[in-house]
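Student: Could we go through this protein together? I'd like to learn how the labels people use are actually decided.

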Amino acid sequence: MAARMKLKLKTVFVLYFMVSLMGLIYALMQLGQHCDCTERDLPKDRAISRLQEELYRLQGQIRQLEKLKQPEKQPPKASLPTIFVITPTYARLVQKAELTRLSLTFLHVPQLHWIVVEDSPRRTPLVTNFLMKSGLTYTHLYVPTAKERKLQEGDPSWLKPRGVEQRNEGLRWLREDRRAQPGEDGQQGVVYFADDDNTYSPQLFEEMRSTQRVSVWPVGLVGGMKFESPVVEGGKVVRFHTGWRPSRPFPMDMAGFAVSLKLVLTNPDACFDGEAPMGFLESSLLKGLVTVDELEPKADNCTKVLVWHTRTEKPKMKREEALQVQGLGSDPAVEV
């Protein structure tokens, strides 16, 4: 059918070209010839009129064939469970760059709701404007980290758990928002905690979309190893491939699991413990939701890495600081 339509369209275009060419040649032949009035004008006018009618007819046929060439509308897909992605973020030079990179991945994921929680006493203009232009479905929240839990300049990143209040604020909002959505549809979905400095394959989100309780997968470039991962035997998680304290209840990175929305809603007290020892933050949430035997391995039984624990290098600002001393620093009105 497609081949026949293509041949017919080609034929119409050839006819259209020939008629147009004949009309042009005819008009050129008449240029400069003496006209001795109406007897000659009449047949010329009729010929031109016939050519114009033929041209309009061919143009109409072309328009019809162009409509037929358009692909048929596909029937709507069955509604997908929403993936709610909770991302803590805080102000620093690379914040906008990190959020931009993350948003470009999320734009490839259908039915995704981004919950961005700022470590701030208020919504900042940078994040507000960024989200408005992102093209994503989002919720913008904020909550400051308690002073005693904040890392100080020079502290190693592992000294205190980060993003605790922000992740818990995202969970709080989800529970309140979903409570206002009556029926089973309001409980369908998946919750994932995505830090703004990691790197994610869009395939990861399709893997987690079918989560029933808690799904798990490997995380690359984490814990001083090429990857950390659950070890799967017979379709079940039996232990964990990790280089540090494998005896932890759930020795996994934050990027290595997703939780069904229904499980979050039916366990209203489940949250992250800001007082948890180093490396136990993930376990503080999961131990109240699931057992290791109930974990659902994804990514081909945890044999594929689809998320990487990357970290952007902190920019060196020595020249900027030197220029500021001279009053020649970069324009502070330019948002970076």
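Student: What makes Arg 172 and Glu 169 neighbours about one turn of the helix apart?

Tutor: Both sit in helix 5, and they are three residues apart. Keep in mind that this is a predicted model.

Student: Why is the link between Arg 172 and Glu 169 called a salt bridge?

Tutor: The label needs a side-chain nitrogen of Lys or Arg within 4 Å of a carboxyl oxygen of Asp or Glu. For Arg 172 and Glu 169 the N to O distance is 2.7 Å, so the pair passes the 4 Å cut-off. In general, side chains of opposite charge can pair when their charged atoms come close.

Student: Which other residue forms a salt bridge with Arg 172?

Tutor: Glu 176 does, with its closest N and O atoms 3.0 Å from those of Arg 172. Glu 176 is in helix 5 as well, four residues from Arg 172, again about one turn.

Student: How do you know whether Glu 169 is buried or exposed?

Tutor: Check its relative accessible area, which is 17%. Buried means under 20%, so Glu 169 counts as buried. Arg 172 comes out at 33% and Glu 176 at 46%. Exposed would need over 50%, so Arg 172 is partly exposed, and so is Glu 176.

Student: What makes Arg 209 and Glu 206 a salt bridge?

Tutor: Their closest N and O atoms are 2.9 Å apart, and the limit is 4 Å, so they qualify. Arg 209 is buried at 6%, while Glu 206 is partly exposed at 39%. There's also a network: salt bridges with shared partners join Arg 92, Glu 98, Arg 101 and Asp 196. Over the whole structure, a search finds 14 salt bridges.

Student: What joins the side chains of Thr 139 and His 113?

Tutor: A polar contact of 2.7 Å. The N or O atoms must be within 3.5 Å, so that distance fits.

Student: And why is Thr 139 called buried?

Tutor: Its relative accessibility is 12%, and the cut-off is under 20%, so the label follows. Thr 139 is in strand 3. Its contacts, leaving out residues up to four places away in sequence, are His 113, Trp 114, Ile 115, Val 116 and Trp 173.

Student: How do you know that Lys 304 and Pro 218 come together in space despite being 86 residues apart in sequence?

Tutor: Their C-alpha atoms are 6.8 Å apart. Lys 304 also touches Pro 218, and Ala 299 too, not counting residues up to four places away in sequence. Touching here means heavy atoms within 4.5 Å.

Student: Where does Lys 304 sit?

Tutor: In the loop between helix 9 and strand 12. Lys 304 is partly exposed, with 37% relative accessibility. Its side chain makes a polar contact of 3.1 Å with the side chain of Asp 300.

Student: Which residues does the "binding site" annotation cover?

Tutor: The unreviewed UniProt entry includes Tyr 90, Arg 162, Arg 167, Asp 195 and Arg 311 among them. An annotation like that may be inferred rather than shown by experiment.

Student: Why is Arg 167 called buried but Arg 162 partly exposed?

Tutor: Arg 167 has a relative accessible area of 5%, which is under 20%, so it is buried. Arg 162 has 37%, which is between 20% and 50%, so it is partly exposed. Arg 167 is in helix 5, and Arg 162 is in the loop between strand 3 and helix 5.

Student: Which residues is Arg 162 in contact with?

Tutor: Beyond its neighbours within four places in sequence, they include Tyr 90, Arg 167 and Arg 311. Arg 167, in turn, touches Pro 88 and Asp 195, among others.

Student: What makes the nonpolar surface patch?

Tutor: Trp 158, Leu 159, Trp 244 and Met 278 form it, and it covers about 420 Å². Patch residues need over 30% relative accessible area. Leu 159 has 41%, so it clears that bar. Leu 159 lies in the loop between strand 3 and helix 5.

Student: How many residues of the protein are buried overall?

Tutor: Of the 336 residues, 38% are buried.

Conventions: Residues are numbered from 1 along each chain as its sequence is written. This is a predicted model: local features need pLDDT of at least 70, side-chain atom pairs count only at pLDDT 80 or more; totals for chains, interfaces and linings use all residues. Side-chain values use heavy atoms; hydrogens and water are left out. Helices (H or I, at least four residues) and strands (E, at least two) are DSSP runs, numbered from the N terminus. Buried means under 20% relative accessible area, exposed over 50%, partly exposed in between (1.4 Å probe, protein chains only). Patches are made of residues with over 30% relative accessible area and no salt bridge: like charges are joined within 9 Å, nonpolar side chains (Val, Leu, Ile, Met, Phe, Trp, Tyr) within 5 Å. Accessible areas come from the Shrake-Rupley method with a 1.4 Å probe; for residues, only the protein chains shown count as cover. A polar contact is a pair of N or O atoms within 3.5 Å; within protein, one must be able to donate a hydrogen and the other to accept it, and residues adjacent in sequence count only if both atoms are side-chain atoms.
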